[in-house]
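Work through the exercises below with the sequence and the model side by side. Try each task before reading its solution.

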Amino acid sequence: MSTVASSAPAWTIPNFLEVRDGSLAINGADALELIRKHDSPLFVFSEPRIRSNIERLKQAAQSVEHPIRFFYASKANSNMAVLKTVRESGIDIEVNSGGELFKALRAGYRPNQIIFNGTSKSAGELDDAVSAGIYAINVDSIYEIGLVEDAVRRVAAASGKPAKPARIALRLVPEIGTRSHLGLQTALLTSKFGISSSEVLDAFRRGLQNPDLIHVCGIHIHVGSQTPDVEPFAEAFRSMWEHLVGIHRETGHTLEHINLGGGIPVNYLRDRSQADQLPEHERDMLGADLEPSVVLSEALRVARESARAADAEHLLDKTTILLEPGRSIIADAGLVLTTVLNMKQRPETGDVWLLTDAGYNIMLSMNNYKWYYHTISATRAGEPHESSYKVAGPLCDSGDVYFDIERCGRLPDYRKLPANVQPGEVLALLNCGAYSLAQMFHYNGRPLPAAVLVDEEGSASLIRRRDTYEDLVTSDIW
Ligand SMILES: Cc1ncc(COP(=O)(O)O)c(C=O)c1O
């Protein structure tokens with residue numbers, strides 16, 4: 001019988017991420033056994049953790065006693081088994097392309113469970129969304145309203161039936177900053193997203209012009225990903241609420257929903273033992289612990305205040321609130337196991353380098369955003385992690401390292417692991433379930449890794465087979 005370590009390291013999560021018999025266990029499944037069976041590197045996801053993350057959101061919704069719907073942002077991870085787990089947990093889905101729409105439908109989501117976002121939807125993608133009859137197409141400009149109308153006409157003509165109005169929501173960009181990375185902020189006027197406040201009324205008037213083609217059902221703001229504070233959410237909600245009231249007064253049209261987007265943060269620094277190597281603002285952002293119930297109650301509080309002042313509480317009561325959580329559902333439910341393949345000393349600098357088999361082709365955000373994934377030894381998870389190593393991946397690129405090559409200090413220079421790590425030791429990068437698997441690519445002719453999903457009993461099913469060399473050439477024509 002295996003034993004769970006009595007004094008658990010800070011990164012552990014009871015019944016999910018644990019030290020058992022000295023090594024890492026995921027819902028009871030031994031990490032080293034998984035590597036022996038499925039090879040390295042390997043993505044490991046926890047089905048119970050996905051479900052409990054969704055449960056936490058549902059409980060937040062219950063706590064505010066207002067109609068709330070969650071649409072999982074599938075860009076965070078659209079593996080089919082993940083989509084199925086999310087669907088079975090009883091929430092809806094947000095997609096960002098025709099491909100994600102296809103996957104959502106294939107995973108069994110009903111059209112009225114789907115929202116489609118995106119700045120540059122093609123005619124084909126709009127046709128697919130319109131003919132499926134999805135819950136809402138979030139339009140990103142006034143111009144795009146005409147594109148949706150065109151799609152409705154095309155779909156009606158092709159089917160020989162009268163046009164059925166497409167449901168659209170307007171995506172706004174209200175100039176709200178957050179304390180996340182600039183590339184993850186999406187409500188600034190300098191960002192590429194959305195319709196600015198000065199154009200909102202015109203956009204609504206345009207949207208209401210052809211009710212036989214378009215039904216304007218909602219309004220949307222996504223302030224950004226990994227938003228550590230409640231204020232931007234509340235500000236966004238207030239802004240949308242005030243537009244909703246203004247539109248109602250101006251046109252008599254009542255919107256059905258306000259969509260507050262995604263962005264609920266994940267605490268990447270449960271274990272703070274290496275956090276002192278990070279600048280304070282990175283620490284605050286990566287270590288954010290913001291409860292979804294706080295986001296919802298604060299958003300509703302500001303809206304209710306404004307509704308009271310405008311004598312419009314009856315409108316607020318009728319408005320469903322939507323959220324599009326991605327990261328907060330899947331990030332901490334996934335990890336990467338990677339094996340140290342090589343090592344070297346640098347006598348000149350005194351550094352010890354560990355070279356692993358997990359590069360930025362499977363962990364793009366570590367390179368793009370210098371995103372911090374707490375790294376431990378899966379082989380010796382219970383031992384003190386006090387020795388410093390430079391850690392790097394296998395790609396032919398000096399930037400394929402687990403530290404900030406540009407020396408801006410956004411990642412720790414050294415990773416702390418047990419003493420005397422040798423090739424063959426398995427490491428785990430924690431919290432990498434979001435924006436990793438979904439962004440993998442074949443750079444350097446590297447077959448992409450397998451992924452497994454571990455259930456409550458610790459049994460792991462393969463949910464993505466490892467690529468073969470044949471997969472590297474299947475799309476090439478020569
Ligand atoms: C429109 C939209 N909704 C939802 C999300 C999901 O955000 P997160 O994964 O931070 O919850 C994103 C991602 O940035 C997005 O662009």
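**Exercise 1.** In this predicted model, find the polar contacts that hold oxygen and nitrogen atoms of the ligand.

Solution.
- Step 1. Start at the backbone: a polar backbone atom of G326 is 2.9 Å from an oxygen atom of the ligand. The cut-off for a polar contact is 3.5 Å between N or O atoms, and the G326 pair falls within it.
- Step 2. Turn to the side chains. Y435 places a polar side-chain atom 2.6 Å from a ligand oxygen atom.
- Step 3. For a nitrogen atom of the ligand, look at E324, where an N or O atom of the side chain lies at 2.7 Å.
- Step 4. Check how far the ligand is covered: alone, the ligand exposes 400 Å², and the protein buries 93% of that area.

**Exercise 2.** Describe the surroundings of the ligand: which residues come nearest, and how does the shell divide into nonpolar, polar and charged residues?

Solution.
- Step 1. There are 16 residues around the ligand, and those that come nearest are S225, E324, G326, R327 and Y435.
- Step 2. Sorted by class, the shell has five charged, eight polar and three nonpolar residues.
- Step 3. As for the site, the ligand takes up the space of the largest pocket.

**Exercise 3.** Locate R407 and decide whether R407 is buried or exposed.

Solution.
- Step 1. R407 is in the loop that runs between β17 (387–392) and β18 (415–417).
- Step 2. The relative accessibility of R407 is 77%, so R407 counts as exposed; the cut-off is over 50%.
- Step 3. For a distance, take V473: 66 residues separate R407 and V473 along the chain, and their C-alpha atoms are 37 Å apart.

Conventions
Residues numbered from 1 in each chain as written. Predicted model: local features only at pLDDT ≥ 70, side-chain atom pairs only at ≥ 80, totals over all residues. Heavy atoms only, no water. Near = heavy atom within 4 Å. Polar contact = N/O pair within 3.5 Å; in protein donor to acceptor, adjacent residues only side chain to side chain. Areas by Shrake-Rupley, 256 points an atom, 1.4 Å probe, with all protein chains shown as cover. 1 Å grid on protein atoms, 1.4 Å probe; cavity = no way out; pocket = protein on both sides within 12 Å on 5 of 7 lines; lining within 4 Å. Sits in = over half its atoms within 2 Å of the grid points. Nonpolar A, V, L, I, M, F, W, Y, C, P; charged D, E, K, R; others polar. Helix = DSSP H or I, 4+ residues; strand = E, 2+ residues; numbered from the N terminus. Buried < 20%, exposed > 50% of the residue type's maximum accessible area, 1.4 Å probe, protein only.
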